Each structure stands twice: as structure tokens, then as C-alpha cells.
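Trainee: I would like to go through the terms used for this model and see what each one rests on.
Mentor: Ask about them one at a time.

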Amino acid sequence: MKKVPFVTNEQLKSILEKYPTPFHLYDEKGIRENAKAMYDAFSWNKGFREYFAVKAEPNPFVIEIMQKEGCGFDCSSLTELMLAKAMGGRGDDIMFSSNDTPAEDFKLADELGAIINLDDITHIDFLEKTLGHLPKKICCRYNPGGVFRMSNGIMDNPGDAKYGMTTPQIFEAYKILKAKGVEEFGIHAFLASNTVTNEYYPMLAKQLFELAVKLKEETGAHITFINLSGGVGIPYRPDQEPNDIHLIGAGVKKVYEKVLVPAGMDDISIFTELGRFMTGPYGGLVTKTIHEKHTHKEYIGVDACAVNLMRPAMYGAYHHITVMGKEDAPCDHVYDVTGSLCENNDKFAVDRALPKIDMGDILFIHDTGAHGFAMGYNYNGRLKSAEILLKEDGTAKLIRRAETPKDYFATFDCFPIYDKIFE
Ligand SMILES: *Cc1c(COP(=O)(O)O)cnc(C)c1O
């Protein structure tokens, strides 16, 4: 399928009159429609809730859109909890799904009444010592080990992942928690990442539903929710078929009716904690070409770099690129599109067929709405960009300013050198 930016060249030109490149642009309309589709696909389940994975795009203006559509917060750290708190999240609005968790994070999660998801059996003790009590409602993260395979060849490797409890451990954990007075239980698992297939959630749901039946039989625990977590993916490449959330919802419903309903467990709520699927396609990195270099290869240098979008450098991830205004031009040139870092992996594209690029052209790098800006860092002293929201009415709103050198040097503000830098 041809990948088309959610913003037209004309719209983008008027945004560029006001805001310099580089910046991440987000599409309110796309985010809202997708969130509605998500809720519609799971409307058969009374307690369904999507907890947006805050780490994917920790911007309150973007999260607020999903909050208005009914989503909660999936937090994994102290600062994410602080953001959720400031946005009014309390109690069941927050899932706290973290691992290797510091005590202060658990304290804030408990203060907010968040649903705490335990990554390990040893965290029962740690949590009890930290809080002086255990919450009445608790979730345990499951990791069956081995390899997770789907029929189209996509797989992931839970046996190699640091997360979750083994099968014997989750049974043991439930028994201990129940003996200590916990009244409501949940199960959580994240077994495959960025799955571009409608099969993942239903397959995962079947495993977790069967586990829930056994846990209930063996421990008598009252299981009230099952959290399918993240992992529903997006088509980064033009040749990939996007997931159909309605088929996914129907697939989960089928196994729910087959496994949970006959076991008398038809009051279980389905939770999800998607990040990538909720915002990924609805963000783009807008950057300008500033250099061309003809050496052993043809290079195009842009004013963004891996600091603004790390996925290509970190995972060799593909991000589609549209040269604005040249959408229909033939892709008869082959380029490496690079940033300025002193790292040879700082390339947004390698050997990419693109239209002939001229200096000053605007590139739209697709699918940066999740795990894009958020993964940014400050190597080479490069600064993080602004974030801009393209609102439903077509206007653009600044939702995060760009970093300045003052931000970069801020952690020296208690030393004399700080004032010298800005003399
Ligand atoms: C990262 C993460 C998510 C979101 O994953 P996506 O791939 O963005 O859907 C959800 N839950 C947990 C615990 C995570 O670590």
C-alpha cells in the first residue's frame, strides 16, 4: 500500500512558516479515529479498557486525546506516574507495569491507587516491605518461556526476555498473595512485539484464558481482568498489510467464549496497553535536507538525527520517507539519508530509492508517533526537537518546545561553569 503523509504539502508549508525543522508532527484526527475503532472492536467486553503505554509518547497533549476517548495510563516509571497524576489519573485509570522497580515508584503507584503489575515473585516481599501492606487488587506478569510462533512465521522469544514469572512461579505467587489477603487478581503478558498479524492477540488471549481457568481452579483466586498488554504492530513498510483491529477484537471474543464463558468466568475484563498501535502511524518527523555528499555512496544530510528518532540506528528499523512535493516523481535515485552524529549508524535510510533530492527539500519520515521522540537522547550534544499537533480543525499547535542549550547544560546549573557557558 502506498504510504501517504497525513499532512498535505500545502498544510506543511504553512506550518513551516511558523516552526523551524526538525519537529515531530502528530495527527489528532488519526489518533482519535483509531482509539474509537479500538473501543468499538472490544465493545463486546463490558469492562474493556485500553491503557495507553505512556512511554511510547509521553506528551500530555497527545495522551489527553486518548484520555478523552476513554483510555487509561500504562506507566512504567516514577516520572510517567507523575505525568498520569498531573493529568488526573487515579485508581483504576492507571496500570503500573514496570520491571526491576525502585521502591519509590511502587510508593507513588500505591498512593495513586494504581493497579500494580508484579514482574516477579520476589516483588511480593519487596512491595509489602516498601508499602507496609499489599494492595487489595494486584496483577502478575506471566512469561511461559520458549518461543512464541504464529502461522505467518512471525515469532518472538519470551524464553530470552527478562520479564514476567514462570508458570510454577505465577501459581505460587497467587497462593502467597491470596494468603496475604489480596482479593482481586489480574494476569498480564507481553510475548511478542510489533506483530503485524491479526493472530497475535487471539493466540495470546487463548494462552492467558487457559492459564486463568487453571489458576482459579488451583488457587481459588478471583480473577477480574486479563491484560493483553502491547505488541499489536503497525506496517512500517509499504508492502505490509495493516492489522484490522475489528478482526483482532472478534478473534479475542471467540476464545473468550470458548474458554472463559464455560468456566463461569464471563465477568473478566479485557485490558490492553498498546503504545505503537495507538499513536505510531499518526506521527511523522519533519526534517530539511541541508547537505548532499557524493563519495563512495550518495548521501543526503538532514537537520534531524538519531537523537530525534533512534529506531533506525538502534534496530535497523525501516521508516518510510516521503519527499514532500515529489510524491509522484519516479524513485530513480538511491541515497543514504543521514543525520549529523559521529556514529555511522546515524542513518534514517540506507540504499533507499527516492526521487532526486534537492537542498532545502522537506522529508516526511513516517510512523514516528510511538517510540520516536520518546527514545531520544542527547549524544553529540544534539538537542531534542519540538512536537507539534495537527488538530482536527487543520490548525497546528506547539505541544512541546524544542530543547535549547540551556536544557542541555541544566544539570551543571549548580556549578560555576554554567554561568561561563552563557556569558
Ligand atoms: C512497551 C510496553 C507496552 C507497549 O508496547 P507497544 O509495542 O508500543 O504496543 C505495553 N506494556 C508494557 C509493559 C511495555 O513494556
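**Ligand shell and backbone details**

Mentor: The shell around the ligand holds 3 nonpolar, 7 polar and 5 charged residues. Ala, Val, Leu, Ile, Met, Phe, Trp, Tyr, Cys and Pro count as nonpolar, Asp, Glu, Lys and Arg as charged, and the others, Gly among them, as polar. The model is predicted, so local features need pLDDT of at least 70 and side-chain atom pairs pLDDT 80 or more, while totals for chains, interfaces and linings use all residues. Residues are numbered from 1 along each chain as its sequence is written, and side-chain values use heavy atoms, without hydrogens and water.

Trainee: How do you know which residues surround the ligand?
Mentor: A residue is near a molecule if one of its heavy atoms lies within 4 Å of it. On that basis 15 residues surround the ligand, and the closest are Lys 55, Gly 231, Glu 273, Arg 276 and His 371.

Trainee: What makes the pair between His 371 and the ligand a polar contact?
Mentor: A polar contact is a pair of N or O atoms within 3.5 Å. A side-chain N or O atom of His 371 is 2.7 Å from an oxygen atom of the ligand, so the pair qualifies. A polar side-chain atom of Glu 273 lies 2.8 Å from a ligand nitrogen atom, and a backbone N or O atom of Gly 231 lies 3.1 Å from a ligand oxygen atom.

Trainee: What is the angle of the peptide bond called cis between Thr 21 and Pro 22?
Mentor: Omega is about -5° there.

Trainee: What makes phi of Asn 194 worth listing?
Mentor: Phi is near 45°, a positive value in a residue other than glycine.

Conventions. A polar contact is a pair of N or O atoms within 3.5 Å; within protein, one must be able to donate a hydrogen and the other to accept it, and residues adjacent in sequence count only if both atoms are side-chain atoms.
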